[in-house]
Amino acid sequence: MNVEVAEDRRSSASYGEILDVIDVGRVRMTRRYGCIRRDQFELVTKEPFPTAFRDWLASRGELRERPALYVIEVPGAYQLTVAPRAGRAILMPRLATDLTWQARAAREIAETLDRMLNQGSCLAIPPQAG
């Protein structure tokens with residue numbers, strides 16, 4: 001995520017305006033303007049999220065589950081609302097975190113999700129000799 005580009009756009013941005021969109025492997029990450037101290041990040045894939053991703057997130061904070069989604073609350077850091085079957089998550093950082101940290105946290109989550117998606121695909125299996 002290009003922090004300088006997002007910073008230039010944020011000076012005149014309105015709530016919800018897209019600041020940046022990048023692909024982190026199989027995860028599309030969209031950064032939207034939230035307010036002067038917080039951006040919102042949307043993570044989207046073309047496939048459902050793996051169960052291992054839920055387990056990884058649950059190890060980082062409090063998990064609240066509903067039939068179609070779950071919410072991870074990491075105190076002082078962020079809230080992540082996940083619709084795993086839809087392949088969609090919304091990251092809402094806490095106001096106490098700075099913008100650079102927010103972008104790094106979102107990128108780490110996207111990279112972890114991409115890694116887990118690849119582990120479950122044939123692309124992650126090395127070719128066999130023979």
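## Strand S6 and its first neighbour

Let's start in the middle of the sheet: strand S5 (residues 70-74) runs antiparallel to S6, and five bridges join the two. Strands, like helices, are DSSP runs numbered from the N terminus (E, at least two residues, for strands; H or I, at least four, for helices). Two strands count as paired if DSSP finds at least two bridges between them. Within this pair, Val 82 in S6 has Tyr 70 opposite. Three residues lie between the strands of this hairpin, where Gly 76 takes a positive phi near 75°.

A word on the model: it is predicted, so local features need pLDDT of at least 70 and side-chain atom pairs count only at pLDDT 80 or more, while totals for chains, interfaces and linings use all residues. Residues are numbered from 1 along each chain as its sequence is written, and side-chain values use heavy atoms, with hydrogens and water left out.

## The other neighbour and the two faces

On to strand S7 (residues 88-93), which is antiparallel to S6 and joined to it by six bridges. Here Val 82 stands opposite Ala 89, and Tyr 78 has Pro 93 as its bridge partner. The hairpin of S6 and S7 has four residues between the strands, and Gly 87 takes a positive phi near 70°.

In a regular strand, side chains alternate between the two faces of the sheet. Strand S6 (residues 78-83) shows this nicely: Tyr 78, Leu 80 and Val 82 point to one face and are buried, whereas Gln 79, Thr 81 and Ala 83 point to the other and are not. Buried means under 20% relative accessible area, exposed over 50%, and partly exposed in between (1.4 Å probe, protein chains only).

## The whole sheet

Seven strands form an open, antiparallel sheet in the order S1-S2-S3-S7-S6-S5-S4. S1 and strand S4 (62-65) are at the edges with a single partner strand each, so one side of each has no neighbour in the sheet.

## The nonpolar core

The largest nonpolar core (buried Ala, Val, Leu, Ile, Met, Phe, Trp, Tyr and Cys residues joined through side-chain atoms within 4.5 Å) has 26 residues, of which Phe 53, Leu 57, Leu 80 and Ile 109 touch the most other members. Helix H3 gives the most to this core, with seven residues.

Leu 80 brings us back to S6. Leaving aside residues up to four places away in sequence, Leu 80 touches Leu 57, Tyr 70, Val 71, Ile 72, Ala 89, Ile 90, Leu 91 and Ile 109, where contact means heavy atoms within 4.5 Å.
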